[in-house]
Amino acid sequence: MPSPQANTAIDVLTNTFGYKQFRGEQEAIIKQTIAGQDALVLMPTGGGKSLCYQIPSIVRQGTGIVVSPLIALMHDQVSALRLQGVAVAFLNSSLAFQEVQEIEGQLLRGELDLLYIAPERLCQERTLNLLHQLEIALFAIDEAHCVSQWGHDFRPEYIQLSILHEQFPSVPRIALTATADESTRNEIAQRLDLVKAKLFISSFDRPNIRYRVAQKNNPKKQLLHFIQTEHPQDAGIVYCLSRKKVDDTAMWLAEQGIKAIPYHAGLSTNIRQKHQERFLREEEIVIVATVAFGMGIDKPDVRYVAHLDLPKSIESYYQETGRAGRDGLPADAWMVYGLQDVIMLRQMLAQSEAMEQIKRLEQRKLEAMLGFCEITSCRRASLLGYFGEQYRGEQYQGEQREENCGNCDNCLEPVESWEGTTEARKALSCVFRTGQRFGVNYLIDVLRGKLTSRIEQFRHQEVSTFGIGSELSEVQWRSVFRQLMARGFIAVDMEGYGSLYLTEDSRPVLKGEQPLYFRKDVAKANKISKKNKQSRSTRSANLASENKEIWAALRAKRNELAQEQSVPAYIIFHDATLMEMMEYHPTSLHEMSQINGVGAMKLEKYGNEFLAVLNQYVTYSVI
Ligand code: ADP
Ligand code: ZN
């Protein structure tokens with residue numbers, strides 16, 4: 001029911017949602033929107049965008065209309081809000097006519113605080129007529145970057161949303177996105193007539209995500225080891241470039257006893273839906289996917305995103321890794337990367353049939369991505385720097401940080417580098433002496449003086465670079481070649497044979513005029529010390545044994561309730577809320593109401609059940 005004006009934003013935050021405080025810019029955004037002003041909100045995934053339109057919709061007279069492209073997720077969003085006592089419905093193509101009529105009736109009677117609607121539905125004549133008869137609290141345009149024609153999530157229906165300001169000029173509009181770049185922001189403002197709207201830009205830092213890039217040697221095994229040692233009971237996403245690799249990896253993980261399911265555009269709609277649904281609902285599940293998977297996946301408890309292939313740009317990397325840890329609890333962004341990735345991506349670019357201009361843009365994006373992989377300083381600072389944000393080294397978990405974020409591999413275990421000017425010259429010169437038409441393996445054989453039949457065939461045992469590189473192992477030479485390619489001194493042929501040639505930039509290096517330092521690759525891919533691993537304990541695998549039991553019991557209760565109501569477990573309570581229960585051990589309903597995430601309705605519905613679980617474990621008293 002549209003709530004009486006007396007409800008203030010903070011009341012709704014505490015009573016309905018059960019949170020104690022606003023986060024970051026939420027309060028300012030909500031205030032502005034309640035006052036009837038337009039807003040354009042840029043906030044990272046997990047930043048808390050939803051409350052920015054949900055609370056004003058509840059506080060303001062009339063119904064808040066939320067435009068969201070994610071039909072598949074509307075159902076869960078609406079279930080979650082209903083459990084919190086919000087009067088909400090959705091309109092999309094999945095509904096039967098009778099259901100539609102029912103919702104229209106509720107709207108006309110002014111009974112709904114919020115209505116979720118797909119953009120194509122909104123723009124239909126029938127819907128517009130209906131909306132004109134309603135009191136509308138606001139329009140919220142979620143995933144607003146879908147309006148951007150250059151973006152990866154472009155939805156033509158979003159362009160039509162200009163009718164909102166044309167037909168409803170007096171209704172406030174709030175557009176929200178987690179896409180950080182300036183051109184997208186400008187496009188949103190233009191197309192949705194929000195040029196004059198107040199702009200709210202939050203920091204795009206995700207302090208709870210730990211960024212790690214490891215050298216690829218046996219990717220599947222590395223992945224398995226990572227999952228088994230660090231996230232045995234968690235939900236995660238594994239990204240691969242090709243459909244085939246997705247299928248292979250998912251099958252292999254399943255054979256190793258990991259609950260893994262594939263997701264890519266080659267699977268039938270039915271299977272895709274089923275797998276997405278399973279991922280949202282189940283815990284301890286791994287989805288292996290191509291980039292086709294993910295937009296708007298708001299499963300809050302994804303504990304890691306693993307990349308087995310290099311994303312094509314920093315934007316993609318940031319977006320994909322951003323799906324981890326929306327609940328604010330520690331999460332990992334883990335990637336393995338190696339020489340072969342560089343070769344493959346360089347080849348793809350060389351063969352791309354895109355227009356010259358687009359190719360150059362893709363090229364620049366790839367360079368930035370490679371730079372990110374090879375960097376020896378803070379990855380977080382580099383990532384934020386790419387989006388034009390200076391990393392301020394904010395407080396995280398009570399510690400002040402400056403240049404060192406304390407939560408990326410480079411900050412946790414400083415990278416060693418070595419002076420490799422001579423080695424670089426040897427490598428480049430070997431490319432040149434053998435005629436710039438051979439691949440890495442061949443070149444390494446020549447450098448290390450290995451007399452293969454192929455080398456004999458080309459009589460390359462006679463070139464001056466034969467055998468001049470025996471001081472480095474094959475692995476070390478691969479590292480040198482990878483870094484030379486990543487920095488653009490060596491290019492890959494267009495034909496796809498993987499033969500290397502020198503770029504213009506290599507000249508000063510070849511002549512010895514430019515000193516070069518290389519990253520010392522760690523032999524062990526998962527090298528994050530024990531100490532750092534353990535400080536991140538969130539899940540039963542790492543909890544003290546007594547807590548382990550409580551944790552398991554709380555989760556079991558949550559699962560039981562979730563199954564009864566056929567909703568995902570996180571809709572009952574988020575992990576963060578269960579963690580707080582475990583930590584503060586409330587013993588009364590009043591104490592329970594103080595836990596973040598326990599609002600009035602959930603307190604009434606579930607309070608006693610969770611108290612009963614906790615009660616079983618109060619074995620000693622503090623006195
Ligand atoms: P976004 O849409 O920006 O990705 P959400 O709106 O889904 O983020 O919020 C992310 C998580 O943070 C959710 O679990 C949400 O319940 C929680 N959250 C949002 N605002 C607050 C707050 N003020 N206090 C505590 N938790 C919050
Ligand atoms: Zn760092």
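These are my notebook entries on a predicted model, covering two sheets, a helix pair, a zinc site and two odd backbone angles.

**Entry 1: the seven-stranded sheet**

I began with the strand order. Seven strands make up an open sheet, running β3-β4-β2-β5-β6-β1-β7, and the pairing is parallel. β3 (88-91) and β7 (198-201) sit at the edges with a single partner strand each, so one side of each has no neighbour in the sheet. From one strand to the next, the twist averages 20 degrees. I jotted down a reminder that strands of a sheet pair through backbone hydrogen bonds, either parallel or antiparallel.

**Entry 2: a look at β2**

Next I picked β2 (residues 63-67) out of that sheet. How many of its residues are buried? Five of five, so I logged the strand as mostly covered. Then I checked which way the residues point. Thr63, Ile65 and Val67 go one way, Gly64 and Val66 go the other, and all are buried.

I followed the pairing on both partners. With β5 (residues 136-141), β2 pairs in the parallel sense over five bridges. With β4 (residues 114-117), there are four bridges, and those strands run parallel too. For the register, I noted that Thr63 stands opposite Ile136 in β5. Gly64 was handy for lining things up: its bridge partner in β5 is Leu138, and in β4 it stands opposite Leu114.

**Entry 3: the six-stranded sheet**

I then went on to another open sheet, with six strands in the order β8-β13-β12-β9-β11-β10 and parallel pairing. Which strands are at the edges? They are β8 (209-215) and β10 (260-263), each pairing on one side only. Ignoring direction, neighbouring strands here are turned by 20 degrees against each other on average.

Inside this sheet I looked up β12 (residues 302-307) and β13 (residues 331-337), which run parallel and are joined by four bridges. One register point for my notes: Ala306 has Trp334 in β13 as its bridge partner.

**Entry 4: α4 against α13**

I checked how α4 (residues 71-83) meets α13 (residues 269-281). Their axes come within 11 Å and cross at roughly 30 degrees. Angles under 35 degrees count as roughly parallel, so that is how I filed α4 and α13. The crossing is right-handed.

**Entry 5: the zinc ion (ligand 2)**

Which atoms hold the zinc ion (ligand 2)? I found four SG donors, from Cys378, Cys405, Cys408 and Cys411, at 2.3 to 2.4 Å. Along the chain, the donors follow the spacing C-x26-C-x2-C-x2-C. The angles among the four donor atoms are 99 to 120 degrees, and the site is tetrahedral. For reference, the ideal angle for four tetrahedral donors is 109.5 degrees. I also looked at burial for two of the ligating residues: Cys408 and Cys411 are both buried.

**Entry 6: positive phi values**

Last, the backbone. Most residues other than glycine have a negative phi, so I wrote down two that don't.

Gln436 has phi near 55 degrees, and it is not a glycine. Where is Gln436 found? It lies in the loop between α19 (421-433) and α20 (440-447). I checked its exposure as well: Gln436 has 29% relative accessibility, so it counts as partly exposed.

His585 is the other one, with a positive phi of about 45 degrees. This residue is also in a loop, between α27 (575-584) and α28 (589-593).

Notes. Residues are numbered from 1 along each chain as its sequence is written. Chains are lettered from A and ligands numbered from 1 in the order in which they are written. This is a predicted model: local features need pLDDT of at least 70, side-chain atom pairs count only at pLDDT 80 or more; totals for chains, interfaces and linings use all residues. Side-chain values use heavy atoms; hydrogens and water are left out. Buried means under 20% relative accessible area, exposed over 50%, partly exposed in between (1.4 Å probe, protein chains only). Helices (H or I, at least four residues) and strands (E, at least two) are DSSP runs, numbered from the N terminus. Two strands pair if DSSP finds at least two bridges between them. Donors are N, O and S atoms within 2.8 Å of the metal (3.2 Å for Na, K and Ca); water is not among the atoms, so sites may look incomplete. Four donors count as tetrahedral if all angles lie between 85 and 135 degrees; four count as square planar and six as octahedral if opposite donors are over 155 degrees apart and all others between 65 and 115; anything else is irregular. Axes are lines fitted to C-alpha atoms, for helices over the stretch in contact, and angles run from 0 to 180 degrees between N-to-C directions. Angles under 35 degrees count as roughly parallel, over 145 as roughly antiparallel, 65 to 115 as roughly perpendicular and the rest as oblique. A crossing is left-handed if the near helix is turned anticlockwise from the far one by less than a right angle, and right-handed if clockwise.
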